[in-house]
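My notebook is open, and I am going through this model one topic at a time. Here is what I looked up, in the order I looked.

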2 protein chains.
Amino acid sequence: MSEKITIYDIAKRLNITAATVSRALNNNPKIKESTRKLVIETAAAMNYKQNRLALALQSGRSNNIGVIVPRIDSNFFASVIRGIEEELHPHGFQVIICQTHEDPKRENENLHTLLDAQVDGILMSVTDVSNENDAAFRNIVNNNVPLIFFDRKKDISGVSSVTIDDFKGGYETTKHLINQGCKSIAHFSGDQSLEIFKNRFLGYKQALLDSGLTFDEKYVIQSKSSVDAGKEALNILMQYDTPPDAIFSSSDFAALGAIQELKAREINIPADFCVAGFSNEPFTKFMELSITSVDQSPLEMGKMSARVFLEQMEKTDKIMIEKKVVLKPELHIRKSSARTTS
Amino acid sequence: MSEKITIYDIAKRLNITAATVSRALNNNPKIKESTRKLVIETAAAMNYKQNRLALALQSGRSNNIGVIVPRIDSNFFASVIRGIEEELHPHGFQVIICQTHEDPKRENENLHTLLDAQVDGILMSVTDVSNENDAAFRNIVNNNVPLIFFDRKKDISGVSSVTIDDFKGGYETTKHLINQGCKSIAHFSGDQSLEIFKNRFLGYKQALLDSGLTFDEKYVIQSKSSVDAGKEALNILMQYDTPPDAIFSSSDFAALGAIQELKAREINIPADFCVAGFSNEPFTKFMELSITSVDQSPLEMGKMSARVFLEQMEKTDKIMIEKKVVLKPELHIRKSSARTTS
DNA sequence: TATTTTCGTGTAATCGATTACATTTAAATG
DNA sequence: CATTTAAATGTAATCGATTACACGAAAATA
């Protein structure tokens with residue numbers, strides 16, 4: 001039952017002041033070498049542990065940063081968090097996790113909680129698609145707490161962001177499908193109020209136009225990111241008089257659903273129909289019929305976000321920097337769309 | 001550039017003391033209703049935010065708990081963490097994440113960091129298989145910080161744990177393979193210094209013996225949890241004069257590797273060879289040839305761990321409780337081992 | 001009216017560490 | 001030996017909130 005040992009306990013034991021103990025432990029050069037040694041040894045012997053709360057209160061820095069994501073149990077977000085943790089750990093920062101479950105109210109609540117907890121920064125992927133929480137974001141910036149968006153961002157002045165080039169991801173994937181000989185390409189999109197989905201869609205559209213294919217709204221289906229949603233979406237497409245011969249899906253899960261349904265209809269993939277997804281979820285490469293997908297390098301995204309945060313921290317002056325990092329998407333071509341074995 | 005507002009600022013504005021402000025904000029019944037209202041309104045108007053660090057220092061409770069896992073980007077651990085976060089969030093606790101990357105030194109370091117940060121509890125899945133960190137674990141218990149192991153546990157007195165019945169998982173899976181008519185069942189195991197792998201192995205062995213099958217060491221292969229390791233392990237088995245006709249793998253990834261290799265050898269699954277994995281990773285059910293696997297209900301495991309922690313917190317007395325919760329594993333039978341369509 | 005309660009606030013210590021400033025002691029200099 | 005200078009440590013305020021105890025004023029009681 002060891003009681004909590006403080007620097008006062010050490011001081012008492014050695015008949016010196018807490019100030020001296022503090023200085024000795026912090027390697028303050030004003031302390032006599034012999035005293036320093038004695039203090040350090042005694043501290044170790046008494047099993048002293050620095051109370052970081054006290055330090056945090058006095059210094060105004062908690063050495064904690066907050067991370068807010070829709071949910072943690074998705075390969076993408078978990079990998080980003082891994083990247084953040086790995087990059088920040090060596091700098092003595094700890095990572096506090098919050099989930100919004102796609103609920104703007106939860107997002108707002110999380111922001112406040114983190115602020116109350118005096119985190120030194122907030123790294124997050126935005127949930128709110130309306131502008132409900134914009135005031136909260138500005139409040140954070142005004143409080144001089146570095147705020148960094150990754151993947152799902154918003155344009156708020158003073159907020160840095162790390163994203164991938166979703167337009168390019170959509171563009172290149174669609175181009176690839178066209179190169180495979182697909183003539184009529186459908187698109188499964190997410191909520192286009194979110195920049196990521198909007199941009200993937202715009203990339204898709206541009207690729208069609210650049211290749212002389214016609215763009216038709218009816219081939220763009222808004223669906224959730226789930227296997228079932230993908231099945232439903234495919235069924236809608238198949239009811240058309242002229243069904244498409246390829247799908248570029250903003251979600252790997254929806255892509256999988258479409259594939260399952262296509263197989264049930266005994267349509268040959270990729271010979272008669274090509275499918276490509278987005279996110280490069282682990283299962284896409286494990287499948288027997290592996291699925292073409294766009295990798296978002298989540299690990300790198302996490303590390304980069306952390307680095308942007310660290311940079312921001314160093315600027316002690318109140319100058320506000322806004323940095324926008326855009327990572328390159330990487331298309332992984334797999335069986336679901338590889339007609340040629342070039 | 002709003003400066004940090006404290007209760008002193010509110011007090012000054014209202015010409016009262018910080019003590020009164022504090023009491024008013026905490027709904028202390030001794031405060032006059034009119035004063036309370038006034039304080040609360042002023043606090044809101046001034047955009048006051050409670051500094052939880054100050055509260056933590058004074059109360060001795062940080063309202064943070066630490067979670068240590070080998071890595072966060074695995075579906076299992078991410079899901080456990082999700083469960084923990086969801087259960088603890090309503091109680092005002094925040095979750096700090098640490099990763100060990102399977103390195104006992106990192107584990108030790110994480111334990112110390114969390115202790116320094118004054119977390120109110122630590123929930124973790126053990127990395128260290130030697131006894132290097134036992135002293136650190138005992139130290140935590142002695143400091144009266146609730147410590148709870150989930151999944152990968154160790155027997156340390158005073159430490160509660162939440163696990164699944166790995167023995168049963170191994171036993172039932174093996175029994176299932178036997179029921180499918182498999183006569184010679186191999187086992188891919190992990191590091192048996194870890195209880196989970198030891199118990200899955202023991203369950204496997206017992207099932208063989210109970211069914212009158214012979215147990216032979218050479219059919220037990222120690223392999224890592226990866227697709228490649230599974231391939232290698234399968235190749236070893238296939239060199240035997242009498243190769244097995246089924247595998248119970250402690251890892252879904254290794255099971256997948258084995259399946260890929262079996263397909264390459266044009267062996268029919270499940271007709272001529274059955275495979276079962278462990279963990280119920282998402283991809284196991286997505287595969288064309290879906291893989292039989294044991295679900296560990298990670299979400300439930302996380303929630304349960306959180307509940308055990310909360311219970312422990314409530315006991316303000318220094319009585320130490322040790323609670324061992326064992327969840328039931330759930331076998332999901334899929335195509336990789338389903339010969340009969342019962 | 002005198003006295004006891006009750007109510008609402010103020011005073012000041014506390015949590016544990018850091019640090020500007022003051023002070024003591026020893027060493028260096030004239 | 002007197003005095004400046006440097007080295008080492010002590011004193012006390014600070015970070016922001018809580019709370020035991022003290023205290024004055026108003027209300028209740030005798």
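**Ground rules**

I take a polar contact to be a pair of N or O atoms within 3.5 Å; within protein, one atom must be able to donate a hydrogen and the other to accept it, and residues adjacent in sequence count only if both atoms are side-chain atoms. The model is predicted, so I note that local features need pLDDT of at least 70, side-chain atom pairs count only at pLDDT 80 or more, and totals for chains, interfaces and linings use all residues. Residues are numbered from 1 along each chain as its sequence is written, chains are lettered from A and ligands numbered from 1 in the order in which they are written, and side-chain values use heavy atoms, with hydrogens and water left out.

**Entry: DNA strand C**

I started with the polar contacts to the backbone of the DNA. A polar side-chain atom of Thr17(B) sits 2.4 Å from a phosphate oxygen of DNA strand C. From chain A, I found a polar side-chain atom of Asn26(A) at 3.2 Å from a phosphate oxygen of this strand, and a backbone N or O atom of Asn51(A) at 3.2 Å from a phosphate oxygen.

How many residues surround DNA strand C? I count as near any residue with a heavy atom within 4 Å of the strand. There are 26, and the closest are Ser22(A), Tyr48(A), Thr17(B), Thr20(B) and Thr35(B). Of the strand C atoms within 4 Å of the protein, 64% belong to sugar or phosphate and the rest to bases.

For secondary structure I use DSSP runs numbered from the N terminus: helices are H or I with at least four residues, strands are E with at least two. Helix 1 (7-14), helix 2 (18-25) and helix 4 (52-59) of chain A each supply at least two residues of the surface near strand C, as do helix 2 (18-25) and helix 4 (52-59) of chain B. By class, this surface has 10 nonpolar, 11 polar and five charged residues. Here Ala, Val, Leu, Ile, Met, Phe, Trp, Tyr, Cys and Pro count as nonpolar, Asp, Glu, Lys and Arg as charged, and the others, Gly among them, as polar.

**Entry: DNA strand D**

I then turned to the other strand. Of the 26 residues around DNA strand D, the nearest are Thr17(A), Thr20(A), Thr35(A), Ser22(B) and Tyr48(B). Sugar and phosphate make up 64% of the strand D atoms that come within 4 Å of the protein.

An N or O atom in the side chain of Ser22(B) is 2.6 Å from a phosphate oxygen of DNA strand D. I also noted a polar side-chain atom of Gln50(B) at 3.1 Å from a phosphate oxygen, and a polar backbone atom of Lys32(A) at 3.1 Å from one.

**Entry: the two chains**

I superposed the copies by least squares on the C-alpha atoms of residues with pLDDT of at least 70 in both. A rotation of 180° with 0.0 Å of shift along its axis puts chain A on chain B, with an RMSD of 0.1 Å. The two copies are therefore related as by a two-fold rotation axis. The same surface serves both: 98% of the contact residues of chain A recur in chain B, where contact means heavy atoms within 4.5 Å.

I find 54 residues of chain A in contact with 54 residues of chain B. The chains bury about 5,100 Å² between them, 55% of it on carbon and sulfur atoms; this is the accessible area (1.4 Å probe) that two parts lose on being put together, summed over both. In chain A, Leu53(A), Arg82(A) and Phe286(A) lose the most area to chain B, together 13% of what that side buries.

**Entry: Gln118(B)**

Is Gln118(B) buried or exposed? Its relative accessible area is 11%, so Gln118(B) is buried (under 20%; exposed is over 50% and partly exposed in between, with a 1.4 Å probe and protein chains only). Gln118(B) is in the loop between helix 6 (104-116) and strand 3 (122-124) of chain B. Leaving aside neighbours within four places in sequence, Gln118(B) is in contact with Lys4(A), Gln50(A), Asn51(A), Leu53(A) and Ser62(B).

**Entry: backbone checks**

A cis peptide bond joins Ile269(A) and Pro270(A), with omega about 5°. The bond from Ile269(B) to Pro270(B) is cis too, with omega near 0°.
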